[in-house]
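Have a look at the sequence and the 3D structure below, and keep them at hand as you read. We will walk from one spot to the next.

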Amino acid sequence: MKFALFVIRRRSNYQNGVGVRKLHEFTSVLDLKVLLKDMTKLKNLKQVSQIHSQMVMTNYMSLANINTLLLLYAKCGSIHHTLLLFETTPHASNNVVTWTTLITQLSHFNKPFQALTCFNRMRTIGIYPNQFTFSAILPACVHALLLSQGLQIHALIHKHGLESDTFLATTLVHMYAKCGSMYLAEKVFEEMPHRNLVSWNSIIVGFLKNNLFHRAIGAFREVLRKASFGLDQVSFSSVLSACAGLVELGFGKQVHGSIVKRGLVGLVYVKNSLMDMYCKCGLFEDAAKLFYTGGNKDVVTWNVIIMGCVHMQKFELACTYLQAMIKEGVEPDEASYSSLLHAFASIGALTHGTLIHGRALKTGHMRNTCVVSSLVTMYGKCGSMFDAYRVFRETKVHNVVCWTAMIAVFQQHGCANEAIELFEEMLREGVVPEYITFVPVLSACSHTGKVDDGFKYFNCMVNVHDIKPGLEHYACMVDLLGRGGRLEEAWRFIESMPIEPDSSVWGALLGACGKHGNVEMGIEVAERLFKLEPENPGNYVLLSNIYTRHGMLEEADEIRRLMGINGVRKETGCSWIDVRNVTFVFNANDRSHSRTREIYEMLQKLKELIKSRGYVAETQFATNSVEGSEEQSLWCHSEKLALAFGLLVLPPGSPIRIKKNLRTCGDCHTVMKFASEIFQREIIVRDINRFHRFLNGSCSCRDYW
DNA sequence: GTAGGGTTAG
């Protein structure tokens, strides 16, 4: 082969693929084959077209050459030309290799349904698929996530007696694992007469992707013990991902040792997985050490270190790495953008997030659905619902993640009707909802008191979409019934659950007991919660508030004592506000800020103004008294301090954005409403659960949170 | 002349 290539290069003066025009000088089929093989590296549509026309002119259109051409067109990015050539070559459809090439490439181009149609067309005209065809069609089932199709293909493989083919069985394992059926994947794997490295890697990766990390590690240990072949970078990087998933540093370090022993540490994929494992186990420094030790770095290396920063909440450092990677000429990819956006979403850094948006627009990354979904979430979590919606609408094609992101943003901002309408639009578009999609939908129903609709969607999830409800869904349903005052029904609903209810489910019921003043049920529910999560101060506070509201002050005191005995402390309220890219933090009763005097003066002024408009302090929200006055303690809440500071330093008319670590209190909520009207300001408070957008004296949550 | 496995979005 090498010799033949040498001859061609000499004869055609072939250099870097420029010698194509001398094709007519070739005389043997062998020459052409070699040239075509070499051309696969070029991936240039123009050159492939030139070869194609030369072949037509010189009568070189043998079936084998046509098949190579089909492949070449696909490899240089034009599935369109592949299809065109196929359709215009009548005798091509008699050949199984031609069909297989076509099916493989359709699958590679993420056109699984066209691939399946081709497969069926081929069988209709009486062409028998071989093992290559089967391994080409299985990835199409994976792309389309069609387990049912995969099962049918499996049956055909069985019929053709090809089940024991190692290559095919491995592809089946991969297909079942990707479609979420580890039971079937394992069954095929167990029945394989021979397993090679890729077979083992496929089962390890299968466990990994289905979050069965222990099983992934188990399979890795097993193959390490009994295989006659050596493991490769895929095996090692996969087992490291499993360690990362389990935060299993001990075994991870052992794996690191054997990687070093085998001399695999220089491989960039292995290095990336190692770094990722250390980051997820909290050893950022070890990851950074690997990052700075020479060797290759690719875009993933950068992404892993950036994600590591995000994981450690080192957001500024994450930005520094992004700038550094750009400086070194590594173009950030969708994962880089997604991780940073995720970071900015969690800290509510709107300005940083907007900068990333600008960059994504310039670099063409807005075509990527991951980036778009992260942007929608970022804007949503930073309080800019309208920007989130704009990004969503400016994107033409949405996948289910994108739809879910936008539905969740509406829900968090109190626009429950919009959330439900968007969900309905998604269904009309033919997008299939997933497990997580139903969480904001059910929550939207609960926040608008749509009990019937909530049940409609819940049943539709189970019966139409075959999704097993999880704890998140059950908690929403309990919330839905509880908010509507149907406490007994909610209790019975919990009892009918096929899975063990957790604290989120009981917590929803306790909240409802508080809202509707059911002391007896409240006590019973709280007792269960104290057992489930004795360390959560929220439950004690809720029960104590129920007692206080019913005048049972002794019992309320008893609960506070219980907190002391159990060593539970109420988390201190804490609020943040960004002013010209600097974040200011306020704790409850905070007097540490340099403008403390002005802040408290502003609050005093605000209090007088709103009192004249009928405000009465809601002292039931006062959990401790300051200077003997419960009312006074209310005016030291962190969100009020942040509000006063915002009113002082932000230009009139500009919105005030506050973030809080706990649920916002009822009294603060009332004060914010008044303030938005008096100062004609938009005030956005993001608390632990949701957004409150105050405008002209009312809140987007319609006082229902 | 045709095939397989590996970090990121809700």
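**A guided walk through the model**

Let us begin with a histidine: H413 sits in the loop that links α24 (400-412) and α25 (416-428). Before going further, keep in mind that this is a predicted model. Is H413 buried or exposed? Its relative accessibility is 3%, so H413 counts as buried. Which residues does H413 touch, if we leave out those up to four places away in sequence? Its contacts are G380, G383, S384, M385, R690, F691 and S700. Try finding these residues in the structure, starting from H413.

Next, let us turn to the cysteines. How many disulfides does the structure hold? The number is zero. Two cysteines help to show why. Take C319 to begin with: the closest cysteine sulfur to its own belongs to C309, and the gap is 9.2 Å, which is too far for a bond. C319 is a buried residue, with a relative accessibility of 13%. Now look at C665, whose sulfur lies 3.7 Å from the closest cysteine sulfur, the one in C668. A disulfide needs the two sulfur atoms to be within 2.5 Å, so the distance between C665 and C668 is too far for a bond. C665 is buried too, its relative accessible area being 11%.

Now for an open space in the protein. The second largest pocket has a volume of about 960 Å³. It is lined by 30 residues, and those closest to its centre are L208, K209, S241, Y269 and D276. Which elements give two or more residues to this lining? They are the helices α10 (166-178), α12 (197-209), α14 (233-246), α16 (268-280), α18 (299-311) and α20 (334-347). As for the character of the lining of the second largest pocket, 14 of its residues are nonpolar, 12 are polar and four are charged.

Our last stop is about charge. Side chains of opposite charge can pair when their charged atoms come close. How many salt bridges does the structure hold? There are 17 of them, and we can visit a few.

In helix α13 (residues 213-226), E222 and K226 are four residues apart, about one turn of the helix. Their side chains form a salt bridge, with the closest N and O atoms 2.7 Å apart. E222 is partly exposed at 28% relative accessibility, while K226 has a relative accessible area of 52% and is exposed.

A second example is found in helix α33 (residues 553-565), where E558 and R561 are three residues apart, again about one turn of the helix. The N to O distance in the salt bridge between E558 and R561 is 2.7 Å. With a relative accessibility of 40%, E558 counts as partly exposed. Elsewhere, salt bridges that share partners connect D387, R390 and E394 in one network.

Let us look at one link of that network. R390 and E394 form a salt bridge with an N to O distance of 3.7 Å. Where do these two residues lie? Both are in helix α23 (residues 385-394), and because they are four residues apart, about one helical turn separates R390 from E394. R390 is partly exposed, with 42% relative accessible area, whereas E394, at 55% relative accessibility, counts as exposed.

Terms used:
Residues are numbered from 1 along each chain as its sequence is written. Chains are lettered from A and ligands numbered from 1 in the order in which they are written. This is a predicted model: local features need pLDDT of at least 70, side-chain atom pairs count only at pLDDT 80 or more; totals for chains, interfaces and linings use all residues. Side-chain values use heavy atoms; hydrogens and water are left out. Buried means under 20% relative accessible area, exposed over 50%, partly exposed in between (1.4 Å probe, protein chains only). Contact means heavy atoms within 4.5 Å. On a 1 Å grid over the protein atoms alone, a cavity is a set of points where a 1.4 Å probe fits but cannot get out, and a pocket is an open set with protein on both sides within 12 Å along at least five of seven lines; lining residues have an atom within 4 Å of a point. Grid points are joined across faces, edges and corners, and a volume is the space filled by probe spheres set on the points. Ala, Val, Leu, Ile, Met, Phe, Trp, Tyr, Cys and Pro count as nonpolar, Asp, Glu, Lys and Arg as charged, and the others, Gly among them, as polar. A salt bridge is a side-chain nitrogen of Lys or Arg within 4 Å of a carboxyl oxygen of Asp or Glu.
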